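Hi everyone, thanks for making time for this. I'd like to walk you through a structure that may be new to you, so please have it open while I talk.

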Amino acid sequence: MAPPSPLSIATSSVQRLVKEEASYHRELQQQEQRIQRLEAETGPDEDGNRQYALNQERRAMEETKAVLPTLKPKISAALQKLEALLVEEGQKGDQSNVEQINAAKDAVAQAKIAVREVS
């Protein structure tokens, strides 16, 4: 089996970063829901753990929020590299791998959407 081409490696990298960014957004939503649920609890705090759990959830949410801005430059850099490799692959003419080009174009579109959403 031939080793993966630089284009397929860059495509995979961009796809991974976009998935990672989406995962952090989902995690942030889940943390916000858990915090709201803990804040809404009004019954007796039998084990005295509610405030501690609430503080832990808030700390985790802040850590997640801190990661999101760091993803934009990573996605942008990977996107630039992929676009450059996409141009190179397109210049090969008949020898270019159409399947890899299409996958790369899809990854570019997803990355551009992700960069806009992170902004």
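Let's start at one particular spot: Arg50, which sits in helix α2. Keep in mind as you look that this is a predicted model.

Is Arg50 buried or exposed? Its relative accessible area is 19%, and the cut-off for buried is under 20%, so Arg50 counts as buried. Who are its neighbours? Leaving aside residues up to four places away in sequence, Arg50 touches Leu38, Glu41, Gly43, Pro44 and Asp45. Take Leu38 from that list: it is twelve residues from Arg50 along the chain, and the two C-alpha atoms are separated by 7.0 Å.

Now pick out Asp45, also on that list of contacts. Asp45 is found in the loop between α1 and α2, and α2 itself covers residues 50-90. With a relative accessible area of 32%, Asp45 is partly exposed. Setting aside residues up to four places away in sequence, Asp45 touches Arg50 and Gln51.

Let's go to the other end of α2. Gly90 lies in this helix too, and Gly90 is partly exposed, at a relative accessible area of 45%. Its C-alpha atom is 7.6 Å from that of Ile101, a residue eleven places away along the chain.

Time to zoom out. How many helices and strands does the chain have? There are three helices and zero strands, so reading along the sequence you simply get α-α-α. The radius of gyration is 21 Å, well over the 14 Å that the globule rule gives for 119 residues, so the chain is more spread out than a compact globule. You can see that in the C-alpha trace as well, which spans about 70 × 30 × 15 Å along its principal axes.

Follow α1 next, from residue 6 to residue 40. This helix has 35 residues and reaches 51 Å from its first C-alpha to its last, close to the 51 Å expected at 1.5 Å a residue. Its buried residues include Leu7, Val14, Leu17, Val18, Leu28, Ile35 and Leu38. Polar residues are buried there as well, among them Ser8, Thr11, Glu21 and Gln31. As a general reminder, an α-helix has 3.6 residues a turn, so residues three or four places apart point the same way.

What holds our attention inside? The largest nonpolar core has 25 residues, and those touching the most other members are Leu7, Val14, Ile75, Leu82, Leu86 and Ala111. Each of α1, α2 and α3 supplies at least two residues of this core, and α2 gives the most, with ten. Try clicking on Ala111: not counting residues up to four places away in sequence, Ala111 touches Val14, Val18, Ile75 and Leu79.

A few totals for the whole chain. Of its 119 residues, 30% count as buried. Among contacts with a separation of 6 or more, 74% are between residues 24 or more positions apart. The accessible surface comes to about 8100 Å², and 51% of that belongs to carbon and sulfur atoms.

Finally, how confident is the predictor? The chain averages a pLDDT of 87, and 97% of the residues score at least 70. Confidence is highest in α1, at a mean of 92, and lowest in α3, residues 98-118, at 85.

That's my tour, and I'm happy to take questions.

Note on methods
Residues are numbered from 1 along each chain as its sequence is written. This is a predicted model: local features need pLDDT of at least 70, side-chain atom pairs count only at pLDDT 80 or more; totals for chains, interfaces and linings use all residues. Side-chain values use heavy atoms; hydrogens and water are left out. Helices (H or I, at least four residues) and strands (E, at least two) are DSSP runs, numbered from the N terminus. The expected span of a helix is 1.5 Å times one less than its number of residues. Buried means under 20% relative accessible area, exposed over 50%, partly exposed in between (1.4 Å probe, protein chains only). Contact means heavy atoms within 4.5 Å. pLDDT is the predictor's confidence in each residue, from 0 to 100. A nonpolar core is a set of buried Ala, Val, Leu, Ile, Met, Phe, Trp, Tyr and Cys residues joined through side-chain atoms within 4.5 Å. The radius of gyration is taken over C-alpha atoms; the globule rule is 2.2 Å times the number of residues to the power 0.38. Accessible areas come from the Shrake-Rupley method with a 1.4 Å probe; for residues, only the protein chains shown count as cover.
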